[in-house]
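Welcome! Let us take a friendly walk through this structure, starting with one helix and ending with a whole chain.

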Amino acid sequence: MSTSSRNPMKDLVAFAGAATTGFSAHNTDRTPLSLAAEACSKLLRECGLKASDIDGICGPSSVSAGDLQNTLGIPELTWWSNPPIPFVNQVIQAASAVHAGVCDTVLVYHVPYRHAFFTASALRDPFRRVMPAIAPGGNPDTMWGPIGYTAWASRYIHDYNVPKERFGLVAINDRSNAQDNPGAAMREPMTMDDYMSARMVRWPLCLLDMDVPVDGADAFIITTTERARDLPFSPVMINAAVLGMVDANVEDQTVSLEHHGHHVVAKALKAKSDFWIDDIDVYFPYDGFTIITLNWLENIGFCGRGEAGDFLAANWDAEKNRILINGRIPVNPHGGALSEGGTQGSGHIREAIHQLQGRAGVRQVANARRTLVTAGGFFYNAQGLALHRD
Amino acid sequence: MSRSISDSDLVSTFAHLGIDRDSAAHYAGRLEHLLLINRCGECSTYHHPPRPMCAKCWSTDVAATEVTGNGVIDLLIFLHQGPQAPGVDYSTPYPVASVALDEQAGLRFTATVIGSPNEEIAIGQRVTLDWFDRAGVPTPAFRLVGGAA
């Protein structure tokens, strides 16, 4: 396979802003549409945009573009789409539509939601029970979907003799960072004892290896970099964006942890972008399961096979109880999927934008200019974004 | 392909496993305690789950073909909780294994492991195929071969 460096959209499309409702790990009495409308209206006000300034809408299928347009009173659209998550799908489709001239300014949103499938307490809410099922049930003899991550975590531990405490560093990093994020769902400090004694869900992964089902929404404006320069916040330019998938993509048929979607993303993102891991100021690896973060660190080139846990221990900021790569690069400073909430990547991208715009409050990384977001997992949804500012 | 069961009965028996026309022969095989894996009639390559075409040579001459079910545990987890299924009690963690089948490198089939305490089940152990009934439906499972590998 050839990896193309062709990238005609480079830096011509940008995020003008991002906003969030914050996230709750308890059932709210809100619909996904209500949460999306709150995040979107907040962002439009912050950016000084009117409803009539928007001519594109893109978000997950759980809230249709039409319902959101109707709710916000956006008079006319020339483009909309509801692709599947995770969230770099939405970003790439919106940016491509802007670059192609199908529309000029897209309102992009995501609504992480405590669907009945995720938790017993979500299942108790009758309004959630009548929502369309998002996953099959009734068959324990499968490595389908989220279970596949447990299967490969088990294999990783077996192949590299990795102590479970190394997975715990990913969870503790997120929790320590979430303490500085008022919008995070889980902010109580976490010790290694807390992690090691957490309820086992699917051996070898426990409750704290898995992201937190939350209610909440993120919203974004994607437009031309030229247009974004006229808006209040500095543009965050999309330097490169890719998805990655291999042919052996079924969870139990994946060739190995050395050959899956992450490797396609790493190769293609590196070929298309102008900067790489030594050049970034903050890093956003996906963390829907702890094993995904460990494997991203290896697959993006921070360390060798099976070495991610040792790498985290060697790059640990003992004072703040979190990862600081080379004493400089924080990892998921918003608390990630494991502590801010399971946002399928939208939280990572929102925080990346706020960091590069200098709007991350007490979490601000000094003079942050460049970042990589490596979203998604191994099988059907690996994704990458290279973002920077002037 | 002629079957002894109607399409309607076959679909209702396996609806919860996501049966479709491409996987129908595999599920029909289960009713006769046969583990059938799609194999290409042109280049002899196996693949799973069942697809309508061989990914190696694009032949549509693929047929559900019996395999021994002998192999080695490649992936292994124990469910401490999981979907409701007849006879599954997660109070003893429920093993699920992806087994590399002897027929072809990299070809795996996923099922539970029966007949051994969880402490004896591990990645790398040889297994053979067995069957048990779940709510009256034959269900494939693996059983450890001999002692520890």
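## Helix α2 of chain A

In this predicted model, the buried residues of α2(A) pack against α1 (32-46), β2 (56-58), β3 (79-81) and β4 (105-110) of chain A. Which residues of helix α2 (residues 65-72) are buried? They are A:A65, A:L68 and A:L72. These residues lie on the same side of α2(A), because they cover an arc of only 65° around the axis. As background, an α-helix has 3.6 residues a turn, so residues three or four places apart point the same way.

Just after the helix comes A:G73, with a positive phi near 65°.

## Two nonpolar cores

The largest nonpolar core holds 64 residues. Those with the most contacts inside it are A:F167, A:Y283, A:I291, A:L297, A:F302, A:I325 and A:L372. Helix α6 (residues 146-160) of chain A gives this core its largest share, six residues.

For a closer look, take A:L297: beyond its neighbours within four places in sequence, its contacts include A:Y283, A:F302, A:C303 and A:I325. There is also a second, separate core of 33 residues, with A:F15, A:I92, A:V108 and A:F284 among them.

## Chain B as a whole

Chain B has two helices and eight strands, and from the N terminus both helices come before the strands: α-α-β-β-β-β-β-β-β-β. Its radius of gyration is 16 Å, close to the 15 Å that the globule rule gives for 149 residues, so chain B is as compact as a globular protein of that length.

Of the 149 residues in chain B, 45% are buried. The chain exposes about 7400 Å², and carbon and sulfur atoms supply 50% of that area.

Conventions. Residues are numbered from 1 along each chain as its sequence is written. Chains are lettered from A and ligands numbered from 1 in the order in which they are written. This is a predicted model: local features need pLDDT of at least 70, side-chain atom pairs count only at pLDDT 80 or more; totals for chains, interfaces and linings use all residues. Side-chain values use heavy atoms; hydrogens and water are left out. A nonpolar core is a set of buried Ala, Val, Leu, Ile, Met, Phe, Trp, Tyr and Cys residues joined through side-chain atoms within 4.5 Å. Buried means under 20% relative accessible area, exposed over 50%, partly exposed in between (1.4 Å probe, protein chains only). Helices (H or I, at least four residues) and strands (E, at least two) are DSSP runs, numbered from the N terminus. Contact means heavy atoms within 4.5 Å. The arc is that of the directions from the helix axis to the C-beta atoms. The radius of gyration is taken over C-alpha atoms; the globule rule is 2.2 Å times the number of residues to the power 0.38. Accessible areas come from the Shrake-Rupley method with a 1.4 Å probe; for residues, only the protein chains shown count as cover.
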